[in-house]
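Hi everyone, and thanks for coming. Let me put a structure on the screen, and then we can walk through it together.

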Amino acid sequence: MKKVFLSMIALCGICAAYAGDSTLTVTKRYINLPVAQEAERNRMTFHIDGEVERTFVIRLSDTPDYWVFCDMSAYRGATLRIAFDGKAAGLAKIYQDDRIAGADSLYREAARPQFHFTSRRGWNNDPNGLLFHDGEYHLFYQHNPYEREWENMHWGHAVSRDLVRWQELPPALYPDAIGTMFSGSAVVDDENTAGFNRGDTPAIVAVYTAASPERQVQCIAYSTDRGRTWTKYAGNPVVDSKAAWNSQDTRDPKVFRHAPTRRWVMVLNERDGHSIYTSANLREWRFESHVTGFWECPDLFELPVDGDTANTRWVMYGASGAYMIGRFDGRQFIPEGGKYYYTTGALYAAQTFAGIPAADGRRIQIGWGRIAHGPMPFNGMMLLPTELTLRTTKDGIRLFSNPVKEIDRLQGDSRTWTKLTAAQANRAMEAYRQSDCLRIKARIKLSHATDAGLRLHGQSILTYDMNFNTVNGVFYSPEEPTSMELSVDILIDKTSVEVFVDGGAYSYALQRELNSPNREGFRFWGNNPEIVSLEVYEMRTIWN
Ligand code: FRU
């Protein structure tokens, strides 16, 4: 690997070790930057041909524990000046190359999820701008490209043709003079209401929060090349509601088209709940109403009940996934009933896709997996895409979540058993002791009091307690309360476990405990539970 080292000129003569500057001609695709978590964060600014191209804080170090990168392919041949206001020593290690540092082990690192999306380098949190357009699923996401912890919020970007295999592209939105790029959504403006379309090509319009220490305001940007390049609207911000709410917390716009009123609707988290704004053109917004009881990352969508399109309800949720069901007339959401959860654990800030064709008709969601990735050069992950449905239960209408059917395509070799004792099931599972990527579908039946479940290397991945009426400590009341049975669809990847209970009535996601010395593999336990059925699938990687 040929490295082109940069020349470094210390600017400050007296304290030569601090603040530096280096200049090069961009000849390669990537600039590779060395970072160490123990190094301080300091500001780095790229100047291209004399203009500021980007500015961010970075823990630059000449003794890196990992490397991050910037894709500079748009600037080949240009002069890049890198200014840094921290310890200059790390500057000398920066190099350009056509490969990112660590490319040889990319996607094969020890704790790299194999069938979940993670960013090549840096931090990710919330999914943003989920959109199906022109044959591609777009996954934008809260991203710090320069470190494995939260900072410098950008919109990262990845695309997929099947919701399963993702290709990471360069970041879509970079911090600017208004702020860093917080969460938001994206729509396709088929009718050119905003006036951003190019000829017959409709614009994708991203609606996002720009956050500064002073305020959080809502802005828009558009793309007419399938999300590859973006132009920020000159009239930003389009909503500035700090004064109206006397609050710094005004963020995470989720926008959708409301066909009956022929308006755009924005659901925006403000202070203590979700507000509704409407617009004819995505640029001018009018406040309509507010529902208290939600925090961050709103979503609002209509779903048929039990698949009956003549009988629909609207679902509103916040970042935790706690939701209300109700009616929506385009201006006001009126909840009916209580506030419920369908999921707990690692999932946060989930969002549903815009633009799913009517012929498909699914409401597809991706949530951020709050899963730490220890010493890896990346951190955070996306949980599996799931399909959300409303179903009538004994308690009323409830939200269900299940992995999308596309996930089935990752299933490799499988085996099936029925009517096993725990000891027999554990013998069957012996073959999978070393496996890191599995799907396990099981139905277990308690026969004696009081609880039973499944452990992996000593970690509880399922504990069903019929005495306390809990699954993994969380209240769960099965549809048939006397059945003593529970069915689970468990998806295990390198660092996560997702469990969908009783056809998606309840789900949870866990971080795997990777540092435990226990290597006992899978253990069904309990007082004489029956493993009524057991199916195990080996899951294939999405990264080959
Ligand atoms: C939720 C959140 C959002 C915000 C974003 C910032 O995880 O706090 O409310 O827009 O993360 O990264």
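I'll talk about the backbone, then the rings, then a sheet, and finally the cavities.

Before we start, a word on the ground rules: this is a predicted model, where local features need pLDDT of at least 70, side-chain atom pairs count only at pLDDT 80 or more, and totals for chains, interfaces and linings use all residues. Residues are numbered from 1 along each chain as its sequence is written, and side-chain values use heavy atoms, with hydrogens and water left out.

Let's begin with the backbone. Most residues other than glycine have a negative phi, and most peptide bonds are trans. So where do we find cis bonds here? One joins Asn236 and Pro237, with omega about -5°. Pro237 sits in the loop between β17 (231–232) and α1 (242–245). When I say helix or strand, I mean a DSSP run, numbered from the N terminus: H or I with at least four residues for helices, E with at least two for strands. Another cis bond runs from Ala449 to Thr450, with omega near -10°, and Thr450 belongs to the loop between β34 (438–445) and β35 (451–456).

Now for positive phi. Asp134 is not a glycine, yet its phi is about 55°; look for Asp134 in the loop between β10 (122–133) and β11 (136–144). Asn152 has a phi near 45° and lies in the loop between β11 and β12 (154–160). Is Asn152 buried or exposed? Asn152 is buried, at 5% relative accessible area (buried means under 20%, exposed over 50%, partly exposed in between, using a 1.4 Å probe and protein chains only).

On to the rings. The whole structure has 29 aromatic pairs. Rings of Phe, Tyr and Trp (its six-membered ring) pair if their centres lie within 6.5 Å; planes under 30 degrees apart are stacked, over 60 edge-to-face, and the rest tilted. Tyr107 and Trp543 have ring centres 3.9 Å apart and planes at 5°, so this pair is stacked. Tyr107 is in the loop between β9 (95–97) and β10, while Trp543 is in the segment after β43 (530–539), so the pair links parts of the chain 436 residues apart. Both Tyr107 and Trp543 are buried. Ring pairs also join these two with Phe117, Tyr141 and Trp166 in a cluster.

Next, the sheet. Five strands make an open antiparallel sheet, in the order β38-β37-β36-β35-β42; strands pair if DSSP finds at least two bridges between them. At the edges are β38 (474–475) and β42 (522–526), each pairing on one side only. Between β35 and β36 (459–465) there are 6 bridges, and Leu454 stands opposite Leu462 in β36.

Last, the empty spaces. How many cavities of 30 Å³ or more does a search find? The search finds 5, and the largest has a volume of about 140 Å³. Among the 16 residues lining the largest cavity, those closest to its centre are Phe69, His143, Pro145, Pro170 and Pro171. A cavity is a set of points on a 1 Å grid over the protein atoms alone where a 1.4 Å probe fits but cannot get out, and lining residues have an atom within 4 Å of a point. Grid points are joined across faces, edges and corners, and the volume is the space filled by probe spheres set on them. β13 (167–173) gives the most to this lining, with 4 residues.

Thanks for listening!

Terms used: On a 1 Å grid over the protein atoms alone, a cavity is a set of points where a 1.4 Å probe fits but cannot get out, and a pocket is an open set with protein on both sides within 12 Å along at least five of seven lines; lining residues have an atom within 4 Å of a point.
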